[in-house]
Amino acid sequence: VQLQASGGGLVQAGGSLRLSCAASGRTFSSYAMGWFRQAPGKEREFVAVINWSGSSTRYAESVKGRFTISRDNAKKTVYLRMNSLKLEDTAVYYCAAADRFAIVAPLFNSWGQGTLVTVSS
């Protein structure tokens, strides 16, 4: 599956953004989908994951209660709604697909190109 992330941009602290990740291919609905992020000078870290049907999600502690992952299998798109953004949320955000529900990057075998989110004070 090929993935295309979009929706990043510059936002003030406390603001909101919604990222989208559009997939191509006929098997999107069979994949678990995740979001990861990488801040400057830091390693890529897990943000959120959703299972194939959307019935199960998991979040990093740092975003729990502020971010919401969702998916629309008919549109082959996964979303990340980000509320109450903080300066430390600044990063390149990547969407990724995995054959099973996972939170570690090596288990995701398809990656989008990343979209930059910059949170300003």
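Reader: How many disulfides does a search of the whole structure find?

Author: Welcome! This is a predicted model, in which local features need pLDDT of at least 70 and side-chain atom pairs count only at pLDDT 80 or more, while totals for chains, interfaces and linings use all residues. Residues are numbered from 1 along each chain as its sequence is written, and side-chain values use heavy atoms, leaving out hydrogens and water. With a disulfide taken as a pair of cysteine sulfur atoms within 2.5 Å, the number found in the whole structure is 1.

Reader: Which two residues form the disulfide?

Author: The two sulfur atoms are 2.1 Å apart. The pair links distant parts of the chain, 74 residues apart, with one partner in strand β3 and the other in strand β9 (residues 91-98); strands here are DSSP runs of E, at least two residues long, numbered from the N terminus. Both partners are buried, where buried means under 20% relative accessible area, exposed means over 50% and partly exposed lies in between (1.4 Å probe, protein chains only). The residues are Cys-21 and Cys-95.

Reader: Why is the disulfide of Cys-21 and Cys-95 called right-handed?

Author: The handedness rests on the torsion about the S-S bond of Cys-21 and Cys-95. The disulfide is right-handed because that torsion is about 65°.

Reader: What is the order of the strands in the open sheet of 4 strands?

Author: Two strands pair if DSSP finds at least two bridges between them, and the pairing in this sheet is antiparallel. The edge strands, each pairing on one side only, are β1 (2-6) and β7 (67-72). The order is β1-β3-β8-β7.

Reader: Which residue in β3 is the bridge partner of Gln-4?

Author: Strands of a sheet pair through backbone hydrogen bonds, either parallel or antiparallel. For β1 and β3 (residues 17-24), the sense is antiparallel, over 5 bridges. In β3, the partner of Gln-4 is Ala-22.

Reader: Which side chains of strand β11 point to one face and are buried?

Author: In a regular strand the side chains alternate between the two faces of the sheet. Strand β11 (residues 115-120) shows such alternation: Leu-116, Thr-118 and Ser-120 point to one side and are not buried. Pointing to the other face, and buried, are Thr-115, Val-117 and Val-119.

Reader: Which residue stands opposite Val-117 of β11?

Author: Strand β2 (residues 9-12) runs parallel to β11, and 4 bridges join the two. β11 also pairs with β9, in the antiparallel sense over 3 bridges, where Val-92 stands opposite Leu-116. Opposite Val-117 stands Gly-9.

Reader: Is Asn-51 buried or exposed?

Author: Asn-51 is found in the loop between β5 (45-50) and β6 (57-59). Not counting residues up to four places away in sequence, Asn-51 touches Tyr-31, Ala-32, Ser-56, Arg-71 and Phe-101, a contact being heavy atoms within 4.5 Å. With a relative accessible area of 12%, Asn-51 is buried.

Reader: How many salt bridges does the structure hold?

Author: A salt bridge here is a side-chain nitrogen of Lys or Arg within 4 Å of a carboxyl oxygen of Asp or Glu. One of them joins Glu-61 and Lys-64 at 2.6 Å, N to O; Glu-61 is exposed at 63% relative accessible area, while Lys-64 is partly exposed at 47%. The structure holds 4.

Reader: Which residue forms a salt bridge with Asp-89?

Author: The closest N and O atoms of this pair are 2.7 Å apart. Asp-89 lies in the loop between β8 (77-82) and β9 and its partner in the loop between β6 and β7, so the pair ties together parts that are 23 residues apart in sequence. Asp-89 is buried at 0% relative accessibility. The partner is Arg-66.

Reader: Which residues are linked in a network of salt bridges?

Author: Within it, the side chains of Arg-37 and Glu-45 meet at 2.6 Å, N to O. Arg-37 is buried at 4% relative accessible area, whereas Glu-45 is partly exposed at 36%. The network links Arg-37, Glu-45, Arg-66 and Asp-89.

Reader: What is the angle between the planes of Phe-36 and Trp-111?

Author: Rings of Phe, Tyr and Trp (its six-membered ring) pair if their centres lie within 6.5 Å; planes under 30 degrees apart count as stacked, over 60 as edge-to-face and the rest as tilted. The structure holds 4 aromatic pairs. Phe-36 and Trp-111 form a tilted one, 5.0 Å centre to centre, and the angle between the planes is 55°.
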